[in-house]
Amino acid sequence: MDEPLLLAIAILGGTGKEGKGLAYRWAKAGYRVLIGSRSSEKAVKAASEIMQLLEGSSSVVGTTNPEAARGAEIVVVTVPYSAHRETLESVKDALQGKLLVDVTAPLVPPKVSKVQMPAAGSAAQEAKEILGEGVEVVAAFQNVSHELLLGDEEVECDVLVTGTSKKARAEVLTLVEAAGLTGWDAGPIENSVVVEGLTSVLININKQYGSTYAGIKITGAQSK
Ligand SMILES: NC(=O)c1ccc[n+]([C@@H]2O[C@H](COP(=O)([O-])OP(=O)(O)OC[C@H]3O[C@@H](n4cnc5c(N)ncnc54)[C@H](OP(=O)(O)O)[C@@H]3O)[C@@H](O)[C@H]2O)c1
């Protein structure tokens with residue numbers, strides 16, 4: 001008998017660069033993935049592209065952002081910061097009682113290599129303000145380039161996981177591991193300021209050194 005599929009993960013904006021890469025890795029690990037979009041046609045197309053890469057052996061479906069959020073236990077948001085608030089407000093009700101994984105780096109074009117944090121402190125803290133007490137918010141993956149995700153190669157970049165509770169962070173560390181990366185519990189959601197800000201530092205390094213996917217690695221500790 002086939003192994004049962006794991007939990008369902010919705011990826012809001014999963015039609016984009018970062019979301020598609022995460023969808024590929026989680027679907028490959030056995031999770032049911034719901035790709036969310038403003039357009040269900042666009043989501044269906046993205047889901048079918050991922051299924052083709054996986055040769056049909058997994059479960060990836062495309063739908064609207066609210067439908068995806070309703071259908072999953074864990075909801076991941078991978079939209080540009082300019083669309084962050086609007087996207088979260090559109091799924092606020094569906095998210096109550098669930099876990100949100102916020103991948104957003106609050107970049108403000110055109111100066112994306114300069115740290116410009118929002119008034120709430122970070123995008124993840126802003127998500128918590130928008131969604132309220134009923135939603136656990138965990139920030140993760142901000143420092144991993146999409147170029148590393150849509151494939152099977154080992155990813156050298158580590159993932160710092162911050163969030164509203166240790167239990168929620170532990171749940172997301174399981175997802176990091178399922179995606180084939182090394183994750184670290186980096187503490188409370190307030191610490192997401194540093195992690196989200198690091199993305200601009202890495203973009204700056206990419207610009208200055210001709211790279212496209214500079215990342216980070218924790219040394220001197222042993223990941224569990
Ligand atoms: N790209 C990376 O390497 C990388 C690395 C780490 C973190 N991140 C973070 O991940 C997030 C997504 O990055 P990305 O590069 O994947 O972005 P993207 O490809 O430009 O956009 C992702 C998706 O967001 C939705 N979207 C775009 N503009 C929107 C708008 N105005 N209103 C509502 N939805 C909109 C689109 O989905 P629909 O049109 O289907 O609705 C789009 O496919 C960002 O916050 C970024 O900081 C990215």
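A polar contact is taken here as a pair of N or O atoms within 3.5 Å. The structure examined is a predicted model, and this cut-off is applied below to the surroundings of its ligand.

Three contacts of this kind illustrate how the ligand is held against the protein. An oxygen atom of the ligand lies 3.2 Å from a polar backbone atom of A105. A polar backbone atom of G16 is likewise found 3.3 Å from an oxygen atom of the ligand. At R38 the side chain is involved: one of its N or O atoms is 2.8 Å from a ligand oxygen. On its own, the ligand has 880 Å² of accessible area, and the protein covers 80% of this.

The shell around the ligand comprises 20 residues, and those that come nearest are T15, S37, R38, K42 and V79. R38 thus belongs to this nearest group and also provides the side-chain contact at 2.8 Å. By class, the shell contains 7 nonpolar, 9 polar and 4 charged residues.

The ligand occupies the largest pocket of the model. The space within this pocket amounts to about 1100 Å³, and its lining consists of 42 residues, with K17, E18, T78, V79 and P80 nearest the centre. Two or more lining residues are given by each of helix 1 (17–28), strand 2 (32–37), helix 3 (65–70), helix 4 (84–95) and helix 7 (192–209). Among these elements, helix 7 contributes the largest share, 4 residues. The lining divides into 17 nonpolar, 20 polar and 5 charged residues. V79 appears both among the residues that come nearest to the ligand and among those nearest the centre of the pocket.

The second largest pocket holds about 320 Å³ of space. Of its 13 lining residues, L173, G183, D185, S223 and K224 are the closest to the centre. Helix 6 (166–178) and strand 8 (183–188) each supply at least two residues of this lining, and helix 6 gives the most, with 5 residues. The composition of the lining is 5 nonpolar, 4 polar and 4 charged residues.

Two features of backbone geometry were also identified. Most residues other than glycine have a negative phi, and most peptide bonds are trans. Against this background, the peptide bond that joins P109 and P110 is cis, with an omega of about 5 degrees. P110 is located in the loop between strand 5 (99–102) and helix 5 (123–131). The other feature concerns F141, which is not a glycine but has a positive phi of about 75 degrees. F141 is placed in the loop between strand 6 (136–139) and strand 7 (159–163).

Technical notes: Residues are numbered from 1 along each chain as its sequence is written. This is a predicted model: local features need pLDDT of at least 70, side-chain atom pairs count only at pLDDT 80 or more; totals for chains, interfaces and linings use all residues. Side-chain values use heavy atoms; hydrogens and water are left out. A residue is near a molecule or strand if one of its heavy atoms lies within 4 Å of it. A polar contact is a pair of N or O atoms within 3.5 Å; within protein, one must be able to donate a hydrogen and the other to accept it, and residues adjacent in sequence count only if both atoms are side-chain atoms. Accessible areas come from the Shrake-Rupley method with a 1.4 Å probe; for residues, only the protein chains shown count as cover. On a 1 Å grid over the protein atoms alone, a cavity is a set of points where a 1.4 Å probe fits but cannot get out, and a pocket is an open set with protein on both sides within 12 Å along at least five of seven lines; lining residues have an atom within 4 Å of a point. A molecule sits in a cavity or pocket if more than half of its atoms lie within 2 Å of its grid points. Ala, Val, Leu, Ile, Met, Phe, Trp, Tyr, Cys and Pro count as nonpolar, Asp, Glu, Lys and Arg as charged, and the others, Gly among them, as polar. Grid points are joined across faces, edges and corners, and a volume is the space filled by probe spheres set on the points.
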